[in-house]
Amino acid sequence: MRSVRAEKVAEAVARLYREAACSPDPGLEAALAAGRAREESPAGRAVLNDLIENLRLARQTGAPPCQDTGTAVVFLELGQDLRIEGGDLLEAVDEGVRRAVREGYLRPSIVADPLRRENTGDNTPAVLHLEIVPGDRLKLAVAAKGAGSENMSALKILTPAAGEEEIIEFAAAVVEKAGASACPPVIVGIGIGGNFETAPLLAKKAITLPLGERHPDPFYAALEEKAIERINRTGVGPGGLGGRFTCLDCHVLAAPCHIASLPLAVNLDCCLPRHQTATL
Amino acid sequence: MSKPISITAPLTDNVLRALRAGDRVLIQGVIYTARDAAHRRLAQALREGRDLPFDPRRQIIYYTGPAPAPPGTIIGPAGPTTAVRMDPFTIHLLQAGLKGMIGKGERSPETAAAIREAGAVYFAATGGAAILLARSIRKAEVAAYPELGPETVLKLEVKDFPVLVAVDTVGGNLHREGRDFYRM
Ligand code: SF4
């Protein structure tokens, strides 16, 4: 049986989280520049200039482009024929987060208790999603997820009578209500189907997909395109100051669901999509 | 866009009354940071009739919780956080004499009205441009609540800190007007 040491997992999480927090999606600068070329609003163009200049400074200094270096959201796909040796897998993930925060000067943004709110000081624990999959590899995906956009995300259970239009209108309403809080232009992750608890997870996975990637199923690719077009008509614009370029990208993920339900979750990510993957 | 207007904190009524939603402004002088946890404490102190750790009269509060400063630097990346979360506390600070706030996003209609009535101004800074904004910070020292970690209140000295006027003293509201203009 193949094995991986827990220390290797900690090292990988530390590297991926730090890289995610400091280097957003490689397609981001080009996407912002393309949006700027189309943006009619002078205030919107000024915001895009700031964001592009800020990315240049991040590259030059190695510093994180935003002070909110996020919740560390870690997706692990653990091959059923792989053994983790020499430590606890879950502790290794938190150790990785701790190291990234210390070594990368990331911000500790996690409180230990939601009501008593004492900062844990090292951004642990991570939000961890673990799946057992065939094979003998461990696939890691780490996202640095900011709260400004997370706070404005939403879940709604529609009935099966609802169609594409209702889904798109709901997503547009979420973006409109979020306004500047989500730091637009935003990435819109739409999770459709599953259950009360799975639709948001689909939406979260959707925002970690690479910028510009369309759904492999042409039906859902078309839905993504329509949602982008509709969201750009909200007028929210860059920085929420009014404009045409509101939606940086939209990804849809769908799953089977009950004959009586149509769960829908919209998770927003901001103008700094930050995620990295690796396989051990 | 209009040429930027340079203003210096603490703010005078003449300066405040001349600002209009949409104006580009460069802030000079001393400003204070405070976000969620610090606002809770500041508002509680005011309710209990205690002195604040700094005199808020005519001052500007910047809603931010910077990332840690690497050795040899003044401050880490420091962009604005969502202003609407400070709305429940804002009225108390305005009553105590606060005249400026910097954050991202629209205020509630009630808070925007309270800001206007107090003759104060709410400024918007670009969310997600944290390194760019931190470059305008020339000095940073702890003013209060160091135990709050990233939510510590800092006294900052800024030079040409770039913002836009979002809520002015005469009813202008940049976010609302901007969105209504471009909505299709
Ligand atoms: S939502 Fe805005 S403030 Fe929060 S992480 Fe994203 S860019 Fe930074």
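Two residues are in contact if their C-beta atoms, placed from the backbone, lie within 7 Å. The legends below describe close-up views of a predicted model.

**View 1. Surroundings of Y62(B) in strand 3 of chain B.**
Y62(B) belongs to strand 3, which covers residues 60-62 of chain B. Leaving aside residues up to four places away in sequence, Y62(B) touches I31(B), Y32(B), T33(B), I102(B) and L156(B). Y62(B) counts as buried because 28 other C-beta atoms lie within 10 Å, and 20 or more are needed for that class. S108(B) is 46 residues away from Y62(B) in sequence, and the C-alpha atoms of the two are 18 Å apart in space.

**View 2. The ligand between chains A and B.**
The ligand is surrounded by 13 residues. The closest are G146(A), G148(A), C183(A) and C270(A), together with G128(B). Sorted by class, this shell holds six nonpolar, six polar and one charged residues.

**View 3. C183(A), one of the closest residues to the ligand.**
C183(A) sits in the loop that runs between helix 6 (164-178) and strand 7 (186-194) of chain A. Its phi is positive, about 50°, although C183(A) is not a glycine. Most residues other than glycine have a negative phi. With 31 other C-beta atoms within 10 Å, C183(A) is buried.

**View 4. R58(B), in the loop before strand 3 of chain B.**
The loop holding R58(B) lies between helix 2 (36-47) and strand 3 of chain B. R58(B) also has a positive phi, near 70°, and is a residue other than glycine. Is R58(B) buried, exposed or partly exposed? R58(B) is partly exposed, because 17 other C-beta atoms lie within 10 Å.

**View 5. Contact between chains A and B.**
Chain A gives 45 residues to the contact and chain B gives 37 residues. On the side of chain B that touches chain A, helix 5 (130-134) and helix 6 (174-182) of chain B each supply at least two residues. Helix 6 of chain B provides the largest share of that side, six residues. By class, the residues on this side of chain B are 20 nonpolar, 13 polar and four charged.

**View 6. Cis peptide bonds before P125(A) and P10(B).**
In chain A, the peptide bond from T124(A) to P125(A) is cis, with omega near -5°. P125(A) is in the loop between helix 4 (89-104) and strand 4 (127-133) of chain A. In chain B, A9(B) and P10(B) are joined by a cis peptide bond with omega about -5°. P10(B) is in the loop between strand 1 (5-9) and helix 1 (13-18) of chain B. Most peptide bonds are trans.

Definitions and conventions
Residues are numbered from 1 along each chain as its sequence is written. Chains are lettered from A and ligands numbered from 1 in the order in which they are written. This is a predicted model: local features need pLDDT of at least 70, side-chain atom pairs count only at pLDDT 80 or more; totals for chains, interfaces and linings use all residues. A residue is near a molecule or strand if its C-beta atom, placed from the backbone, lies within 6 Å of it. Ala, Val, Leu, Ile, Met, Phe, Trp, Tyr, Cys and Pro count as nonpolar, Asp, Glu, Lys and Arg as charged, and the others, Gly among them, as polar. Helices (H or I, at least four residues) and strands (E, at least two) are DSSP runs, numbered from the N terminus. A residue is buried if 20 or more other C-beta atoms lie within 10 Å of its own, exposed if 12 or fewer, and partly exposed in between; C-beta atoms are placed from the backbone.
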